[in-house]
Amino acid sequence: MITDQHMTNDSSLPSPWLLVDRANRLIQTLATPSLVQLVLRLALAVPFWRSGLLKWGGFLRLNDTAVTLFSDEFMLHLPGGPYHFPAPTVMAFLSGSGEIMFPILLVLGLGTRLAALGLLFMTVIVELTVPDGWPIHLTWAAMALGIMAGGPGNISLDHLLCRVRSPAR
């Protein structure tokens, strides 16, 4: 890192490189890894949660629209296709369940890597269903992979459970 020694002797103003270094330090202080991981988890949870809420008409009761989407509207765009979803009611139930449960787990930071893996898998299915949505699907995939690689961070139940299980850490 650049130090205060780079200040010019003939001026009381710091060099541009010193200002850049100070700005970088401020940014690093504000964007701690745990905060970044928390925001990443929340950012990935929101679109799936909102989509999941639209599929339910009550506790464990799919609304008619969700089943209709999977039986009539949604198609898998695979080579030789597109193809209808197999077992549309089951697919709607699994999709709606995943879109509710995985975001809850992400927000809590519980089973975080597995929840991110579940949402990555769902993202692949969504991409096969709506191929023109690849810019946003790529963003979801990147967030899921980032969570899977970096873990939940210190602001999570996973971290708390690890500390309780192994207090020496």
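Me: Which backbone atom lies 3.4 Å from a polar atom of the side chain of histidine 77?
Reply: The backbone oxygen of threonine 129. Keep in mind that this is a predicted model.

Me: Where does histidine 77 sit?
Reply: Start with the elements on either side. Histidine 77 is in the loop between β3 (75-76) and β4 (83-84).

Me: Is histidine 77 buried, partly exposed or exposed?
Reply: Look at relative accessibility. Partly exposed covers the range between under 20% and over 50%. Histidine 77 has 37%, so it counts as partly exposed.

Me: What else is histidine 77 in contact with, beyond its neighbours within four places in sequence?
Reply: Threonine 129 appears again, along with Pro82, Leu128 and Pro131.

Me: How far is histidine 77 from lysine 55?
Reply: Use the C-alpha atoms. They are separated by 22 Å, and the two residues are 22 residues apart along the chain.

Me: Now the pockets. How much space lies in the largest pocket?
Reply: About 480 Å³. Its lining has 21 residues. Nearest the centre are Phe70, Ser95, Glu99, Met122 and Val126. Three elements give two or more residues each to that lining: α2 (33-53), α4 (88-108) and α5 (112-129).

Me: How do the residues of that lining divide?
Reply: Sort them by type. In the largest pocket, 14 are nonpolar, five polar and two charged.

Me: What is the volume of the second largest pocket?
Reply: About 190 Å³. Its lining includes Trp49, Trp56, Phe59 and Met101. The elements giving two or more residues to it are α2, β1 (56-58) and α4.

Me: Which element gives the most to the lining of the second largest pocket?
Reply: α4, with four residues. By type, this second lining has seven nonpolar residues, three polar and no charged.

Me: And the core? Which members of the largest nonpolar core touch the most other members?
Reply: Think of a core as buried residues joined through their side chains. Here the largest one has 14 residues. Leu44, Phe48, Leu106, Leu119, Trp140 and Ile147 touch the most other members. α2, α5 and α6 (134-150) each give two or more residues to this core.

Me: What is phenylalanine 48 in contact with, leaving aside its neighbours within four places in sequence?
Reply: Two partners are Leu119 and Trp140. The others are Glu99, Pro103, Met122 and Thr123. Glu99 and Met122 are also among the residues nearest the centre of the largest pocket.

Me: How many residues make up the second, separate core?
Reply: Eight, including Trp56, Leu76, Ala92 and Ile100. Trp56 and Ile100 also line the second largest pocket.

Definitions and conventions
Residues are numbered from 1 along each chain as its sequence is written. This is a predicted model: local features need pLDDT of at least 70, side-chain atom pairs count only at pLDDT 80 or more; totals for chains, interfaces and linings use all residues. Side-chain values use heavy atoms; hydrogens and water are left out. On a 1 Å grid over the protein atoms alone, a cavity is a set of points where a 1.4 Å probe fits but cannot get out, and a pocket is an open set with protein on both sides within 12 Å along at least five of seven lines; lining residues have an atom within 4 Å of a point. Grid points are joined across faces, edges and corners, and a volume is the space filled by probe spheres set on the points. Ala, Val, Leu, Ile, Met, Phe, Trp, Tyr, Cys and Pro count as nonpolar, Asp, Glu, Lys and Arg as charged, and the others, Gly among them, as polar. A nonpolar core is a set of buried Ala, Val, Leu, Ile, Met, Phe, Trp, Tyr and Cys residues joined through side-chain atoms within 4.5 Å. Buried means under 20% relative accessible area, exposed over 50%, partly exposed in between (1.4 Å probe, protein chains only). Contact means heavy atoms within 4.5 Å. A polar contact is a pair of N or O atoms within 3.5 Å; within protein, one must be able to donate a hydrogen and the other to accept it, and residues adjacent in sequence count only if both atoms are side-chain atoms.
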